[in-house]
Amino acid sequence: MKKSKIIKLVLVATALSSCNNHKADHDRKVYLRSDTTAGYSRTEGHSHFGGFYVFRPYGIFTPGGYYRAGYFSGGIHESSNIGSSSFKSATVRGGFGSSTFHVSS
Amino acid sequence: MKRITNMPRVDWQKKVEEIGFGFHTLDTTYWDESAYYEFKLSEIDRIEKATNDLWEICLEAVQYVIDNKLYRRFHIPEWFVLHIENSWNNDAPSIYGRFDFSLKNGIPKLLEFNADTPTSLFEASVVQWHWLQDTHPNNDQFNSIHEKLIAYWKYLKEYLHNGTLHFTAVEENLEDLTTVEYLRDCAIQAGHNTKFINLMDIGWNVDYKEFRDLDDLAIKNIFKLYPWEWLVNEEFGNYIIPDRNNTFWIEPSWKMILSNKAILPVLWKLNEGHENLLPSFTEFERTSLGFSYAKKPILSREGANIQLFNNGSLISETKGDYGEEGFIYQELCPLPEFDGNYPLIGSWVVGQEAAGIGIRETNTLITDNLSRFVPHLIV
């Protein structure tokens, strides 16, 4: 016998079954930066208000007063909205993937 | 090998979509079950043996290229050679590859080896297996790709760095995404902790000199469905060597040698007369070839920029944007014809052994991005 006895999928069927082939909509991709502490990240460009991305300040109250950690926007990836970590400040993105959009061979 | 016309299953689109196959119809039909190919067991045994034999001589050819520093012939940038040699000398993990064969009088002849970013894996492993279960459950199929993938991901576990095994591709393309998510599915079943990241979202941390995912966690092992020759020429390609984690990129960078068609003349030089190889030559050696040959760019995808000559006359060609790195010349071995259909056999290597086949057919002699995937069975 040269065929698999059974094939079980734990990810693909649920993750991809509703997908149809679609063309990349590159015009909608925008790389934004939410504040001076977060890395660039990709957004689908759908969470804007009045034509502008909304950035809301966030921070913490300390005995010494309010400390503003950065700005938050629902229009960009959550990874770029969380924290003012020193790690994130040095992470840059978007340096891979410029060659083409289809690699099949 | 026979081509049998066949009534497609009722609601076949729904059936294949239910298992996660969303690109069955592209501009034209891609998954085509209005026919199937029938093989005798002896023919399959021959394909299996050819695949295992060729894998062995491919590894010898890589060693030869490295020993003789033939990188310029492969258009591999000098600054990246050390990474390739390290990945080879350290047995960096590799999971799969696909040999493309033309069957000539029952003998598989190697047209090329897709060693770096082969696709059509999910179709070969899962979709045609379900088709067989539905239509010919008592027949066999050369297809143990799924269980071999799971087994090999398990085997690789102890060779990877601790932590998450990332998977990446350009997610906007469903075909590429499906291939990667299928491989990730098998890795999950093998016990790996996995995460998908869109290629463009990979980050580089300047302070820590490491690649990061969107949770800002270090990437130490990553399967990428993206060609090495593109990766190294992009902005972040310069960071692959200074990366402090020495991230395992799968397929490893030594596959740059095997996925390049410049390997074909090397294989022939080292194994002249091998029954599964076609005489192949560089531009400088092409006078050794007659007037019937294929002219192929050393770097190209989806059958682009290929010209076929028969007795000196151009009989078929494809357009494209490849060829500036040069060409190789290979003895003409036309695909067999079945009522105007030309099948190409893609024979999978998983880990170190032959694992199954998938067949793509076209209505021309060159298999391009308009090919159809047609299932098979063994009688």
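Select Phe39(B) and Ile378(B): Ile378(B), in S19(B), is the bridge partner of Phe39(B). Helices and strands here are DSSP runs numbered from the N terminus, with at least four residues (H or I) for a helix and at least two (E) for a strand. The model is a predicted one, in which local features need pLDDT of at least 70, side-chain atom pairs count only at pLDDT 80 or more, and totals for chains, interfaces and linings use all residues. Residues are numbered from 1 along each chain as its sequence is written, chains are lettered from A and ligands numbered from 1 in the order in which they are written, and side-chain values use heavy atoms, with hydrogens and water left out.

**The sheet of chain B**

Extend the selection to strand S2 (residues 35-39) of chain B and to S19(B), which run parallel and are joined by three bridges. Two strands pair if DSSP finds at least two bridges between them. Next, display the open sheet of three strands in the order S1-S2-S19 of chain B, where the pairing is mixed. Its edge strands, each pairing on one side only, are S1 (2-5) and S19 (376-378) of chain B. From one strand to the next, the twist averages 30°.

**Helices on the sheet**

Add H2(B), which lies across S2 and S19 of chain B and runs at about 85° to S2(B). Angles run from 0 to 180 degrees between N-to-C directions, and axes are lines fitted to C-alpha atoms, for helices over the stretch in contact. H4(B) also packs on the sheet, touching S2 and S19 of chain B, and its direction makes about 60° with that of S19(B).

Within H2(B), pick Asp53(B) and Lys49(B), whose side chains meet in a salt bridge (2.7 Å, N to O). A salt bridge is a side-chain nitrogen of Lys or Arg within 4 Å of a carboxyl oxygen of Asp or Glu. Asp53(B) and Lys49(B) are separated by about one helical turn because they are four residues apart in helix H2 of chain B.

Now select H4(B) with H5(B): the two helices pack at an angle of about 115°, with their axes 9 Å apart. Leu121(B), Ala124(B) and Ser125(B) in H4(B) meet Ile145(B), His146(B) and Leu149(B) in H5(B), where contact means heavy atoms within 4.5 Å. The residues of this contact are four nonpolar, two polar and no charged.

**The interface with chain A**

Show both chains: 45 residues of chain A are in contact with 77 residues of chain B. The two chains bury about 5300 Å² between them, 54% of it on carbon and sulfur atoms; buried area is the accessible area (1.4 Å probe) lost by two parts on being put together, summed over both.

Three salt bridges are counted between chain B and chain A. One to select joins the side chains of Lys2(A) and Glu48(B) (2.6 Å, N to O). Among the elements that each supply at least two residues of the side of chain B touching chain A are H2 (41-67), H4 (121-135) and H5 (145-156) of chain B. The largest share of that side, 11 residues, comes from H6(B).

**The sheet shared by the chains**

Finally, select strand S7 (residues 91-93) of chain A and S7(B), which run antiparallel and are joined by three bridges. Thr91(A) stands opposite Asn205(B) in S7(B). With S8(B) added, three strands form an open antiparallel sheet in the order S7(A)-S7(B)-S8(B). S7 of chain A and S8 of chain B are the edge strands.

Methods:
Ala, Val, Leu, Ile, Met, Phe, Trp, Tyr, Cys and Pro count as nonpolar, Asp, Glu, Lys and Arg as charged, and the others, Gly among them, as polar.
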